[in-house]
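Dear colleague,

I am passing on the structure we spoke about, and below it you will find my notes on what turned up when I went through it. Please read them with the model open beside you.

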Amino acid sequence: FKGGDTCEYLLSSGRFLGEKVWQPHSCMMHKYKNSEAKNCLIDKHVVFIGDSRIRQLFYSFIRLINPQVKEEGNKHGNIPFEDKSASIKVDFLWYPEVNGSMRQRIKSWTEGSVAKPHIIVAGAATWSIKIHNGSNEALTQYKINITSIAPLLEKLAKNSDVYWVLQDPVYEDMLSESRKMITNEKIDAYNEAAVRILNSSSRNSKAKVKVFSVSKLIAQETIMKSADGLHLPESSRDTNAMILMNVYCNKIMKPIDGSCCQPQPPLTLIQKLAFCFFTLSIIGYLIINLIHRNNFRKNKSCTDLEGGEEKKPAISTPNVSTLEMLLHSLCKLGLIMTYFYLCDRANLFMKENKFYTHSSFFIPIVYILVLGVFYTENTKETKVLNREQTDEWKGWMQLVILIYHISGASTFLPVYMHIRVLVAAYLFQTGYGHFSYFWIKGDFGVYRVCQVLFRLNFLVVVLCIVMDRPYQFYYFVPLVTVWFMIIYATLAIWPQIVQKKANGNCLWHFGLLLKLICLLTCIYFLSYSQGAFEKIFSFWPLSKCFELNGNVYEWWFRWKLDRYVVFHGMLFAFIYLALQKHQMISEGKGDPLFSNRVSNVLLFISVVSFLTYSIWASSCKNKTECNELHPSVSVVQILAFILIRNIPGYVRSVYSSFFAWFGKISLELFICQYHIWLAADTKGILVLIPGYPMFNVLVSTFIFVCVAHEISQITNDLAQIVVPKDNSTLLKRLLCIAGFFSGLLLFSAMQDQSRH
């Protein structure tokens with residue numbers, strides 16, 4: 001930890017990821033779009049003053065505002081640019097030497113009558129070297145001139161952002177004869193003079209001229225691709241312009257994936273209250289623990305000094321009380337949430353941008369596949385989608401999704417489409433699992449609903465409070481929560497049709513199918529009526545849960561993307577349980593699911609379907625078009641996988657305990673990755689150990705998995721306390737929870753008002 005000023009790192013250090021992606025040291029750089037650049041620079045005046053290298057930087061900068069701009073006009077003259085729609089003025093002033101003329105122009109800005117530019121980018125030296133044939137007298141004069149300019153720049157820096165661009169190295173072998181005197185040795189001497197003189201009078205002042213030295217590092221890697229050995233290739237100039245935009249705009253626009261130059265966000269009222277609550281919980285637990293230890297010491301067995309026999313205590317050690325279990329869980333949770341906050345809200349740990357390569361995604365996939373196969377065990381039961389098998393399924397899918405996120409594989413469309421199937425498979429299991437439970441058990445009680453809702457939402461609610469994020473930000477939990485309530489409503493609404501009732505009269509099966517058809521009709525209507533969908537979820541207080549960035553579009557997009565797969569899961573469960581009831585499938589150990597002939601045909605169809613979907617997904621060229629087809633076709637690969645996994649008796653009788661272990665904490669893994677494995681709300685990667693990428697991933701992964709496992713235990717413990725089986729006690733708890741959320745809404749409204 002070297003302090004919180006990531007601007008210095010952005011301006012002075014970094015490295016290339018691949019050939020074109022620049023990674024600043026310790027922080028993340030946002031890629032600004034034209035609209036964002038305009039919003040940041042609205043009503044601003046930017047001036048570039050210097051030689052031909054500064055002119056090229058000027059063109060790269062204004063292309064961030066208007067990509068249509070071309071390099072044309074007088075190269076050795078002033079070039080104006082104006083965007084009238086946003087009232088942005090960007091000027092290039094041709095001053096190729098640091099001399100009296102440049103000083104006079106800069107001095108004019110320091111006088112009260114002249115409007116000062118908001119941003120000044122200056123730099124020059126190569127012309128001085130060239131005109132004076134690299135003489136030492138020219139260097140001496142340069143030092144004198146920059147010494148006279150430095151106080152003026154420092155004066156401007158009090159109210160404007162002033163950047164001095166150091167000279168990039170040249171590729172001497174490519175220089176023309178007229179430029180042979182411009183050597184890297186001379187350039188280093190001029191840069192050293194500029195760095196030593198600038199800010200010499202304002203060492204302890206905030207009004208400093210910012211030295212733009214990162215361009216030198218970029219040039220060292222790319223100057224070989226220069227057309228003339230002097231000027232940088234276009235990609236390098238664009239990188240420098242993007243760095244300038246990040247330095248100035250990140251503190252204004254506050255992009256999630258632009259952590260460079262962003263100050264630490266202030267604590268909100270809700271965060272402060274949460275901090276106090278967890279602190280009191282820790283103190284309360286320590287006090288109770290201390291009291292129990294003292295009682296234990298008093299009752300501890302002691303040696304009878306006369307008889308030499310050990311006397312046993314009259315009172316046995318009491319069981320752990322509900323209060324102690326509650327405080328113990330909250331104590332652990334408080335420490336874990338502190339780690340969350342330090343990782344992704346405080347400027348304590350470094351963050352880096354993701355960079356995708358095929359090897360960074362596929363090598364870890366092969367590695368975990370080998371590990372999963374190695375830990376193969378026999379299942380306790382051999383039913384289709386038994387508990388061990390579904391845990392295994394969730395486990396390997398979650399691990400693949402984690403690798404997908406950390407490797408930045410969303411940029412590779414075939415991988416993206418396959419990951420979409422994995423997310424759909426989770427929702428398929430939601431439909432299958434909850435339908436099976438309600439159909440077989442017929443338990444529509446409040447206790448079951450509250451248990452499920454608590455286990456799904458507890459961690460997310462805590463993170464919304466501690467990390468100051470909306471509920472919809474953790475999109476998967478709202479998705480499974482809403483679908484659970486839809487499944488519950490579909491089956492619980494009169495007439496309640498369950499397996500026991502349907503066994504007595506086959507007509508009830510048709511009644512259930514009618515319910516499912518009604519559900520499908522509603523889904524179809526909402527999927528093609530965005531207005532109706534948004535109206536439903538725009539009512540307060542639902543809007544507080546499902547809005548992101550002021551609207552519910554993100555929620556609409558997420559829901560629509562997998563709108564049919566939960567229905568498919570429910571339908572599959574109904575058909576499977578019906579076949580099982582009529583003994584049309586064989587689920588004995590080692591037995592194929594159907595007769596050999598039928599099993600072989602179904603296996604062949606499943607393999608072909610599985611591969612056909614993969615070929616289609618791999619041939620996708622447009623993400624929007626493929627997303628439109630995905631809701632209807634994702635079930636093909638899901639069903640194909642289920643049949644391949646369950647038709648052969650041997651395959652159905654074994655499972656991977658390695659994957660199953662991760663499957664049991666898959667929800668916690670999915671949510672925790674946002675802040676303590678990835679960074680900047682999943683946009684980057686958390687760096688605990690800088691300079692050692694592989695070691696960093698190992699350490700952060702170990703902590704991340706341990707934390708997810710611990711949170712799973714805490715959630716289970718608290719679920720027993722917060723959601724008791726006794727109905728009267730449960731009603732009281734529900735009233736308390738309603739009061740808690742009412743208070744949360746009140747404080748949230750107060751926060752929003754103070755922000756506006």
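Across the whole structure, which is a predicted model, a search finds 17 salt bridges. One of them joins R15 to E352, with the closest N and O atoms 3.0 Å apart; because R15 lies in strand β1 (residues 14–17) and E352 in strand β11, this pair ties together parts that are 337 residues apart in sequence. R15 is partly exposed, with a relative accessible area of 37%, whereas E352 is buried, at 18%.

Strand β11 (residues 350–353) is covered on both faces, with M350 and E352 buried on one side and K351 and N353 buried on the other. Its pairing with strand β15 (residues 684–687) is antiparallel and runs over 4 bridges, and within β15 the bridge partner of M350 is V687.

Two further salt bridges sit within single helices. R387 and D391 have their closest N and O atoms 3.5 Å apart, and, being 4 residues apart in helix α13 (residues 387–407), they are separated by about one helical turn. R387 is exposed, with a relative accessible area of 58%, while D391 counts as buried at 4%. In helix α21 (residues 553–561), R558 and E554 are likewise 4 residues apart, about one helical turn, and their side chains meet at 3.0 Å, N to O; here the arginine R558 is buried, at 18%, and E554 is partly exposed, at 25%. There is also a network of salt bridges that links R63, E71, E234 and R237.

R63 appears again among the contacts of V69, which, leaving out residues up to four places away in sequence, touches Y59, I62, R63 and F81. V69 is found in the loop between α3 (52–63) and β4 (79–83), and V69 is buried, with a relative accessible area of 17%.

As for the interior, the largest nonpolar core has 134 residues, and those with the most contacts inside it are M337, F340, Y474, F476, I638 and C672. Helix α14 (residues 413–441) gives the most to this core, with 17 residues. Apart from it lies another core, of 46 residues, among them M29, A241, I243 and C260.

On the surface, L269, L273, L746 and M750 make a nonpolar patch of about 340 Å², to which α10 (269–298) and α29 (727–755) each supply at least two residues. L269, which lies in helix α10, counts as partly exposed at 34% relative accessibility.

With best wishes

Notes. Residues are numbered from 1 along each chain as its sequence is written. This is a predicted model: local features need pLDDT of at least 70, side-chain atom pairs count only at pLDDT 80 or more; totals for chains, interfaces and linings use all residues. Side-chain values use heavy atoms; hydrogens and water are left out. A nonpolar core is a set of buried Ala, Val, Leu, Ile, Met, Phe, Trp, Tyr and Cys residues joined through side-chain atoms within 4.5 Å. Buried means under 20% relative accessible area, exposed over 50%, partly exposed in between (1.4 Å probe, protein chains only). Contact means heavy atoms within 4.5 Å. Patches are made of residues with over 30% relative accessible area and no salt bridge: like charges are joined within 9 Å, nonpolar side chains (Val, Leu, Ile, Met, Phe, Trp, Tyr) within 5 Å. Accessible areas come from the Shrake-Rupley method with a 1.4 Å probe; for residues, only the protein chains shown count as cover. A salt bridge is a side-chain nitrogen of Lys or Arg within 4 Å of a carboxyl oxygen of Asp or Glu. Two strands pair if DSSP finds at least two bridges between them.
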